[in-house]
Structure formats: C-alpha cells, structure tokens
Amino acid sequence: MPAETRIRLIEPADAAPIAAHRARDAAAFRRWEPAQSAALLTPEGQAARIDRLLAGHRAGTAWPAVVLADGEVVGQATVSGILPQPHLRRATVGYWIATTAQQRGHAGRALALLLRLMTDDLGLHRAEASTHLENLPSQRVLRRNGFTPYGVAHSAILLDGAWQDSLLWERILAE
Ligand SMILES: CC(C)(COP(=O)(O)OP(=O)(O)OC[C@H]1O[C@@H](n2cnc3c(N)ncnc32)[C@H](O)[C@@H]1OP(=O)(O)O)[C@@H](O)C(=O)NCCC(=O)NCCS
C-alpha cells in the first residue's frame with residue numbers, strides 16, 4: 001500500500017531528522033537548491049533555523065510545514081513571502097523530499113495539501129513558485145497541482161556556483 005502523506009507545522013523536534021536528511025542528500029540537492037551552510041547539516045543548526053521559521057509563522061509571513069510519510073519526517077513544504085493585503089493575497093511555495101522517499105508522490109500530495117491550507121486557512125488568492133529550467137521532477141509536481149509557467153527570470157539564483165535562470169510558475173487559488 002502506498003505511504004500516507006501528511007503535512008503539519010514544523011516543530012523543534014524536527015531538527016534531528018531534517019539535519020540527517022540534509023546531510024545525506026547535500027550532494028544530490030546541490031544542483032537544485034542554494035548552497036546550505038555546514039551548520040544546517042547539524043541538529044543544532046536546524047533547531048536555530050526552525051526557530052527562525054516559527055518566528056516567521058508567528059509574524060504571519062510564512063507557514064513552514066514538514067512532510068510526513070506514514071508519520072516519519074521525509075521533507076518540507078513551505079509557504080513563504082505571504083502578502084495578505086486584500087489587493088494581493090499571494091505567497092510563494094517551496095518543497096524538498098529526501099532522496100530516500102522520492103518518486104512515491106509525496107511532493108505532489110504535500111503541495112496539494114499546502115494549496116488547500118493556503119486557500120482555506122490563509123485566505124490567499126494566488127500561489128507562485130520557481131524552478132531550475134531543467135528540474136523536471138519539480139515541474140511535474142507543479143503541473144500536477146495546476147500551476148502553469150508564466151516567464152523566465154534571468155540570472156536569478158546562485159546554484160552550485162553559477163547564476164541560473166528560474167522558470168516562474170503561477171496558480172490561481174479557488175475563491
Ligand atoms: C522535486 C522533488 C521535491 C520531487 O519530490 P517527489 O516526492 O519525488 O515528487 P513526486 O513523486 O510527487 O513527483 C515526481 C514527478 O517527477 C517525475 N519525474 C521524476 N524524475 C523525472 C525525470 N528525470 N524527468 C521527468 N520527470 C521525472 C515523476 O514521474 C513524477 O511525475 P508524475 O506526477 O507525472 O508521475 C524532489 O525530487 C526533491 O526534493 N528534489 C531536490 C530539491 C528540489 O528540487 N526542490 C524543488 C526546488 S524547485
């Protein structure tokens with residue numbers, strides 16, 4: 001039977017499993033994500049980062065979730081840059097899934113849950129995302145969740161030592 005996917009707000013106790021995933025997967029993620037400091041590969045560094053994420057949650061600018069597969073932390077899915085003003089009501093989504101749990105639909109289902117939360121709980125109107133032009137798995141996850149590409153931001157993000165273009169994605173959420 002396929003593993004169940006859930007999301008919940010990140011908490012301090014998630015520091016150890018997240019650090020273990022990030023340390024094991026550092027090389028695999030280098031092409032797709034900004035370089036992580038060595039501190040983020042340790043439980044202490046992740047605990048400090050989780051404190052900062054939860055401060056953003058209290059301030060209303062972020063909704064940082066962990067992704068659970070049958071109750072185990074296998075990744076993160078985050079709403080960031082929340083603009084709640086009535087004329088904007090938009091935010092950006094991002095996610096990663098540990099290499100040990102990829103290709104089982106967790107990212108796609110976690111993003112669906114995050115979009116539901118953005119619509120029902122946060123009252124947002126628009127979701128945005130960006131991917132490396134060649135990150136086909138991430139693009140599949142977005143397409144499966146109703147996102148469409150709307151442009152390219154040039155030389156937009158430093159990845160693995162080189163400035164890379166970003167493909168920009170949008171999804172209008174249900175009213
Ligand atoms: C991108 C990522 C989150 C996907 O996680 P996942 O749980 O494996 O994703 P899912 O299983 O839900 O879906 C993966 C999709 O990519 C497809 N896929 C996998 N490898 C592929 C490839 N080389 N080319 C094309 N499609 C591919 C799968 O078939 C699936 O598509 P489907 O929905 O049509 O079946 C994960 O690979 C990851 O964390 N990568 C490193 C960090 C990263 O890229 N983060 C996102 C930055 S924008």
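These are my notebook entries on the ligand and the pockets of a predicted model.

**Ground rules.** The model is predicted, so I note that local features need pLDDT of at least 70, side-chain atom pairs count only at pLDDT 80 or more, and totals for chains, interfaces and linings use all residues. Residues are numbered from 1 along each chain as its sequence is written, and side-chain values use heavy atoms, with hydrogens and water left out.

**Entry: ligand shell.** I looked up the residues near the ligand (a heavy atom within 4 Å of it). There are 22 around the ligand, and Q103, G105, N135, R140 and R144 come nearest. By class I found 9 nonpolar, 9 polar and 4 charged. Here Ala, Val, Leu, Ile, Met, Phe, Trp, Tyr, Cys and Pro count as nonpolar, Asp, Glu, Lys and Arg as charged, and the others, Gly among them, as polar.

**Entry: polar contacts.** I then checked pairs of N or O atoms within 3.5 Å. A polar side-chain atom of R140 lies 2.7 Å from a ligand oxygen. For G105, a backbone N or O atom is 2.8 Å from an oxygen of the ligand. For R104, a backbone N or O atom is 3.4 Å from a ligand oxygen. On its own the ligand has 970 Å² of accessible area (Shrake-Rupley, 1.4 Å probe). The protein covers 74% of that area.

**Entry: where the ligand sits.** I find the ligand in the largest pocket. "Sits" asks that more than half of its atoms lie within 2 Å of the pocket's grid points. A pocket is an open set of points on a 1 Å grid over the protein atoms alone, where a 1.4 Å probe fits, with protein on both sides within 12 Å along at least five of seven lines; lining residues have an atom within 4 Å of a point. β4 (90-97), α3 (106-120), β5 (126-132) and α4 (136-144) each give two or more residues to the shell. α4 gives the most, with 6 residues. Helices (H or I, at least four residues) and strands (E, at least two) are DSSP runs, numbered from the N terminus.

**Entry: two pockets.** The largest pocket holds about 1,300 Å³ of space, a volume filled by probe spheres set on the grid points. Of its 43 lining residues, E33, G94, Y95, W96 and S138 are closest to its centre. The second largest pocket has about 190 Å³. Its lining includes R22, D25, F29 and E33.

Methods. Polar contact = N/O pair within 3.5 Å; in protein donor to acceptor, adjacent residues only side chain to side chain.
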